[in-house]
Amino acid sequence: MSLKKKITAIGLSATVSLLSVSSMAKSINPKELKQTLSQKGDIEGIQELPVENLMLVKTKSGQTYFVSKNGRFVFQGQLIDTWFRRTIDELSEARNAHRVPLEKMGVKLDELATLSFGNQDIPKQATIFVDPNCGYCHALFNKIQQSPEKYNVDFVLTAMLGSQSLLESKRLNCAVDKSKAVIDLMNKTKLATEMREDCDAKAVQKAPIVMGLLEARGTPFLVREDGLTFNGLPSDFDAWLEME
């Protein structure tokens, strides 16, 4: 299925009944939520879902609830992931819902403004959505550049920080010499001067759409090859690449 069709077809289907369990307005952590829901039975586990402010709660008796993050509302019923055509009613399924391989979504990197970096002789590790003017992105660039032989990643240019980011993303995407373009991206230099005449802005404009589908909240936004996502700068990038 094409990316355009994915965008128009994506939805979240749920059959629900709504119960009020708390009047708390602030967000509570899973431990507090577990105590709040103890009246529903012994809790086996709680897993946040890739839906804003929604968590799956599984009781030891086998019941499943979908709970708002502030603990106020409990949804009972069936939650269907329409991207992958599967029902989510187990803790393991909720954890796996955070894994969204771009290939399975129909996202083609050659249709986005993509620059590759690192050791092409090792398997690709991640696709990272970046803004040329993003400070956290440059902190990640600095980390990766220290040992380029350890990494094989793709950077997807996206303009999240205004008109200057858009202009720079277009320039980098349209550069004839991609090796110079990736150096410019990571070091804020201007080595790439020769531009392709047939280049337009469409590839740069597609990246925010993909990020919206993935519920990314800003840059950097990382998508590991197995689909595990991370929004922001990991405290330990190497550990994130290796985590189960």
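This passage walks through a predicted model of one protein chain, from its overall make-up to a pair of helices and the charged residues between them.

The chain has 244 residues, and 43% of them count as buried. Its secondary structure consists of eight helices and 11 strands. Contacts that span long stretches of sequence are well represented: among contacts between residues at least 6 apart in sequence, 62% join residues at least 24 apart. On the outside, the chain exposes about 13,100 Å², with carbon and sulfur atoms supplying 49% of that area.

A good place to look more closely is helix α6, which covers residues 178-187. Five of its residues, A181, V182, D184, L185 and M186, are buried. What lies over them? The cover of these buried residues includes three strands, β7 (114-118), β8 (126-130) and β9 (152-157), together with two helices, α4 (135-146) and α5 (163-174). Just past the end of α6, K188 adopts a positive phi of about 55 degrees.

One of these covering helices, α5, deserves a closer view. Two packed helices are described by the angle between their axes and the distance between the axes. For α5 and α6, the angle is about 150 degrees and the axes lie 8 Å apart. Because angles over 145 degrees count as roughly antiparallel, α5 is roughly antiparallel to α6. From α5, the residues that make the contact are R171, L172, N173 and C174, and from α6 they are K178, A181, D184 and L185. Sorted by class, the contact has four nonpolar residues, one polar residue and three charged residues.

Two of the residues in this contact, R171 and D184, also form a salt bridge with each other, in which the closest N and O atoms are 3.2 Å apart. This pair links distant parts of the chain, since D184 belongs to helix α6 and R171 to helix α5, 13 residues apart. Are D184 and R171 buried or exposed? Both are buried.

R171 has another partner as well: a salt bridge joins R171 to E168, with 2.8 Å between the closest N and O atoms. Here the two residues sit in one helix; because they are three residues apart in α5, R171 and E168 are separated by about one helical turn. Both R171 and E168 are buried. The picture widens further with K190, as E168, R171, D184 and K190 are linked in a network of salt bridges.

How many salt bridges does the model contain? The count comes to 11. Another of them pairs R224 with D226, whose closest N and O atoms are 2.7 Å apart. The two partners differ in their surroundings: R224 counts as buried because its relative accessibility is 8%, whereas D226, at 35%, counts as partly exposed.

A last stop is C134, found in the loop between β8 and α4. With a relative accessibility of 5%, C134 counts as buried, because the cut-off for buried is under 20%. Leaving aside residues up to four places away in sequence, C134 touches L161, T219 and P220. The chain also brings C134 and G218 to a C-alpha to C-alpha distance of 9.3 Å, although 84 residues separate them in sequence.

How values were computed
Residues are numbered from 1 along each chain as its sequence is written. This is a predicted model: local features need pLDDT of at least 70, side-chain atom pairs count only at pLDDT 80 or more; totals for chains, interfaces and linings use all residues. Side-chain values use heavy atoms; hydrogens and water are left out. Helices (H or I, at least four residues) and strands (E, at least two) are DSSP runs, numbered from the N terminus. Buried means under 20% relative accessible area, exposed over 50%, partly exposed in between (1.4 Å probe, protein chains only). Contact means heavy atoms within 4.5 Å. Accessible areas come from the Shrake-Rupley method with a 1.4 Å probe; for residues, only the protein chains shown count as cover. Axes are lines fitted to C-alpha atoms, for helices over the stretch in contact, and angles run from 0 to 180 degrees between N-to-C directions. Angles under 35 degrees count as roughly parallel, over 145 as roughly antiparallel, 65 to 115 as roughly perpendicular and the rest as oblique. Ala, Val, Leu, Ile, Met, Phe, Trp, Tyr, Cys and Pro count as nonpolar, Asp, Glu, Lys and Arg as charged, and the others, Gly among them, as polar. A salt bridge is a side-chain nitrogen of Lys or Arg within 4 Å of a carboxyl oxygen of Asp or Glu.
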